[in-house]
Amino acid sequence: VGVCCIFPVLLYVDSSPITGRRIVELDKLAADLEAGCIACSKPLSLSCVTSEKKYGLASDLFVKCKDCGELTRVQTSKTHWTDDNSRRGRPAYNINTKASLGMINAGIGPTHVNALLSAMNVPPVNHKTLKRREREVGPCIESVAKKSCRQALAEEKALSSATPNTVSEISTSSQPPDLDARCPPPLPSTPGSESEVCLECGTNEPSQLWHCYNCSRPFHHMCQQDDELGHYCNACFGVHNEGVPPVPDNHREEEEAADVAPAESEVVIGVSHDAAWQKRGRAHNSLTGVGSAFGTQSKKIVGYSTRNKRCAICHSAEINKRPAPKHDCRENWTRSSKAMEPSIACEIVKDLNESDLGVRVGVIVGDDDASTIKAIRENVDSSVE
């Protein structure tokens, strides 16, 4: 594992001092110095540095051998080959790639990075160097983000299986109604006692047991009776069923379809969605927009999407009236910036519904943007609440 440090440099080269600080990987620098001169293999010393060539935050130091006078190159950072150079030319330096990754993670740009480096008396980095390394780490970040969203979605499915998502359950103001006096009397429920067993299927797993709103009797969540009045055991539901409103036709169709449905049915989940723009204000003329969805149970991001109205490479080629070079173009939007949020929400919900994890978005929690829920109901799923 490499160890980096920042140390001041004051080396005199042809009467011109090399001043400032450098970010150095100690093990890499020590290994190159111990390897010795390329001609006589004698150990090298930093006091014999004759010149320096900077590559972003990395440097190639040329050290003169005290015995034979041969110049040997000593690097301050490890290197790696990228897919774009295919082992042709010069490899990329690890420190520049790490700097670009940190820049993205901190949400800043090359100007802010160089302002920080200048305050530390470290030579600045050219913005083109950071941009090249940003294009290198971008696909890796995106791959990790998609993997993280998939793991969060699987966790959300597991939590939602034990706690189904409905509007009445998410709302804190919903209270279960009182049942008729003919219902069985409340049953004392003590965790770990013999009464913690479902009377229908005999399940005694605490994580799979619910308790009736009326009599507190434990029952397996697959044996529950879910109606507009709440969750009750079969005994209480059967007594109070006379006052339950008629079952809608779409519910009857779902019950009939359940007989021919696969063994593992989809799980309904709830997500909280919102979008933002790069440019503030009510003009709605931002060139980029981003939106994400959080699981209501796991509180983790399960999906995201972006909208971009401009690609710098394509725009430059259009101005210069020449064909754009091959690149990873992210321009995917031509309409107004205001319409980005409904489009992002529809894409996220559609991707979640079509995932191979067997989930369906049933509840959307968001702000008072009516256009978003309208677009989802018209283009994706009309039953979303």
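## The three-stranded sheet

In this predicted model, three strands form an open sheet in the order β5-β6-β7, and their pairing is antiparallel. The edges are taken by β5 (49-55) and β7, each of which has a single partner strand, so one side of each is left without a neighbour in the sheet. Direction ignored, neighbouring strands of this sheet are turned by 25° against each other on average.

Strands of a sheet pair through backbone hydrogen bonds, in either a parallel or an antiparallel arrangement. Here, β5 and β6 are paired in the antiparallel sense over six bridges, and S51 stands opposite F62 in β6.

## The hairpin of β6 and β7

Strand β6 (residues 58-64) is joined to strand β7 (residues 71-75) by five bridges, the two strands running antiparallel, and within β7 it is Q75 that stands opposite D60. The hairpin that β6 and β7 form has six residues between the strands, and G69 takes a positive phi near 80° in this hairpin.

## The crossing of α9 and α10

Helix α9 (residues 340-353) and helix α10 (residues 370-379) have axes that come within 8 Å and cross at roughly 45°; the two helices are therefore oblique to each other. The crossing in which α9 passes α10 is right-handed.

On the α9 side, the contact is made by E341, P342, A345, C346 and V349, while α10 contributes S371, T372, A375, I376 and N379. By character, the residues of this contact of α9 with α10 divide into six nonpolar, three polar and one charged.

Note on methods:
Residues are numbered from 1 along each chain as its sequence is written. This is a predicted model: local features need pLDDT of at least 70, side-chain atom pairs count only at pLDDT 80 or more; totals for chains, interfaces and linings use all residues. Side-chain values use heavy atoms; hydrogens and water are left out. Axes are lines fitted to C-alpha atoms, for helices over the stretch in contact, and angles run from 0 to 180 degrees between N-to-C directions. Helices (H or I, at least four residues) and strands (E, at least two) are DSSP runs, numbered from the N terminus. Angles under 35 degrees count as roughly parallel, over 145 as roughly antiparallel, 65 to 115 as roughly perpendicular and the rest as oblique. A crossing is left-handed if the near helix is turned anticlockwise from the far one by less than a right angle, and right-handed if clockwise. Contact means heavy atoms within 4.5 Å. Ala, Val, Leu, Ile, Met, Phe, Trp, Tyr, Cys and Pro count as nonpolar, Asp, Glu, Lys and Arg as charged, and the others, Gly among them, as polar. Two strands pair if DSSP finds at least two bridges between them.
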